[in-house]
Each structure stands twice: as C-alpha cells, then as structure tokens.
Amino acid sequence: MVNFLEQTVNGLVNGGFYAMLALGLAVIFGMLRVVNFAHGAFYMFGAFGAYLSLREWGLSFWWALLLVPVALGVLGMLLERTMIHRLAGLDPLYNFLLTFGLTLILQDLVKWRYGASSSPYEIPAGLRGTVHIGSFEFPAYRVFAFGFAVLACAVAWWLLARTRVGMVVRAATERPELTGALGIDVGRWVTPVFGFGVALAGLAGVLAAPVQAVNPLMGADLIIVVFAVVVIGGLLVFVLMAGVLLWRPAGLFGREESPA
C-alpha cells in the first residue's frame, strides 16, 4: 500500500509538470497557431537555469524559481519577434520546422558547453524531509512541487478566464478578425503570449530540477508526452460525449420512449 501511494505521488508530481508544459503549449498554439516544438528545450533551459544559478552565482532555489522563468519569458519574446513572427503568414509547417531546428541548436549548445552527462541539483534545505499525511510519509519536496504546479496552473487559468487581459487573449485566439474589427490590436498580444507560454515551461523546468537529473535531453524526452496531453485533453470531451450517446442515447437522466 505504501509503495502504491509513493508511486501515486510521483505520478501526480510528473503530472503537474506535464500540465504546466501543456498549458503553455496550448496557449501558444491557440494564439499564434504555432506548434512550438522548442517547448521541451525551454523546459530544459529552466532546469539548467536553476542549476547554473546555484553553481555560478550562488542563487538559491527560491531566487531561481522567481528569476529563471522571467528570463526565459523575455528570451521567448525576443525569439518570437526576431524569428517566429517573420514566418507568421506562411504555412504553419515552416514554424514547426523552425522550432524543431531551435531545439537541436539549443540542446547542442548546452551539450557543447556543459557536456551530455546528467548533473544533480540539491533539494532546497527547507524541503528535504518528509511530510506526514495520515499514517504515511511522503517526500516534502515532491508534495511542494505538486502543490506549486497546481497553484501555477490555477493562477494561469484565472488570468486567462477572469481578467480583461485573458478576455482579450481568448477573443483573439477564437475570433482574431472580429477582435481586430472591435479596435483591439491583436498583433501586440502575440509576443507577450508566446513569452508567457515559454515562462511556464521554464517554471516547470526549475521545479523539476531537484526531482530529475538535469541534462540537455530532459526536454526531448518529455515533449512527445506533452503533445499527447494537449491532443488527448482536447479530444477528451468529445470521447466522453460519444460514450454517453452510445451508452445512454436518451441522455444521462432521460427516459426512453416506449415503442408505439
């Protein structure tokens, strides 16, 4: 039973990372119609940013958790303005190839500078113990990472669903022509949204650094799973609806009419 609960917690922690990455990927695709294959590389950059912040500059995990996503968000905005934006009017395949090429370049740069071997990142001092939940004990950092991932996703959802900025982004995502006709400059929102999605990937990378070994290929191992999460998440509602129609064609609470 203890083993099962430990594996469940580990699965929830990984699920939190997937959720943050998938949210950033979905926001970028929704606004820009860009399949950002470099999302995994930005996740890797987040983990390496935390590792280098501690090794090179002596910054703690908490500073890295604050500064690294902001730095990557700025980097993402620069990449969008200098590269991705130039291909906006072309077939989406070109941006896919561009972000795929960026992934290879970024990974090779990290491997060239720091090598291909994995580097451990120490768990923060205040989160090295265990947490008692009922009669069980769980690693404190994993519980924190899961809770923080849920909080980050909730804040991102609130920003997109409950604020004026989120309203504009959602409108520009669903009906860009109509949004532009209402006097809203859709183009000015593209770069910040891309930066926001990249910052979420970097934040997930910082959180993952103490849990997973920091290495140049950690994002490449994850990006296919994240794409699957985005696709399956989008199709899940329709699968459930099809199941209801097959199982209860009259509706969950409906009553079938008797034949005449």
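## Exercises on a predicted model

Among the contacts in the protein chain that join residues at least 6 apart in sequence, 78% link residues at least 24 apart; the coordinates belong to a predicted model.

**Exercise 1.** Describe the secondary structure of the protein chain and the order of its elements.

*Solution.* Begin with the inventory, which comes to nine helices and two strands. Then read along the sequence, where the pattern is α-α-α-α-β-β-α-α-α-α-α.

**Exercise 2.** Determine whether Val 131 is buried, partly exposed or exposed, and work out its surroundings.

*Solution.* Locate the residue first: Val 131 lies in strand S1, which covers residues 130–133. Its relative accessible area is 28%, and because buried means under 20% and exposed over 50%, Val 131 counts as partly exposed. Next, setting aside neighbours within four places in sequence, list the contacts of Val 131, which are Phe 136, Glu 137, Phe 138 and Ala 140. Finally, compare positions along the chain: Tyr 141 is 10 residues from Val 131, and their C-alpha atoms are 8.9 Å apart.

**Exercise 3.** Characterise helix H5 by its span, its buried residues and the nonpolar surface patch that includes Leu 151.

*Solution.* Take the span first: H5 contains 23 residues and extends 32 Å from its first C-alpha to its last, close to the 33 Å expected at 1.5 Å a residue. Turn next to burial, where the buried residues of H5 include Tyr 141, Phe 144, Cys 153 and Leu 160. Leu 151 also belongs to H5, residues 140–162, and together with Val 155, Trp 157, Trp 158 and Leu 159 it makes a nonpolar surface patch of about 510 Å².

Key:
Residues numbered from 1 in each chain as written. Predicted model: local features only at pLDDT ≥ 70, side-chain atom pairs only at ≥ 80, totals over all residues. Heavy atoms only, no water. Patch = residues over 30% accessible without salt bridge, like charges linked within 9 Å, V, L, I, M, F, W, Y side chains within 5 Å. Areas by Shrake-Rupley, 256 points an atom, 1.4 Å probe, with all protein chains shown as cover. Salt bridge = Lys/Arg side-chain N within 4 Å of Asp/Glu carboxyl O. Helix = DSSP H or I, 4+ residues; strand = E, 2+ residues; numbered from the N terminus. Expected span 1.5 Å × (residues − 1). Buried < 20%, exposed > 50% of the residue type's maximum accessible area, 1.4 Å probe, protein only. Contact = heavy atoms within 4.5 Å.
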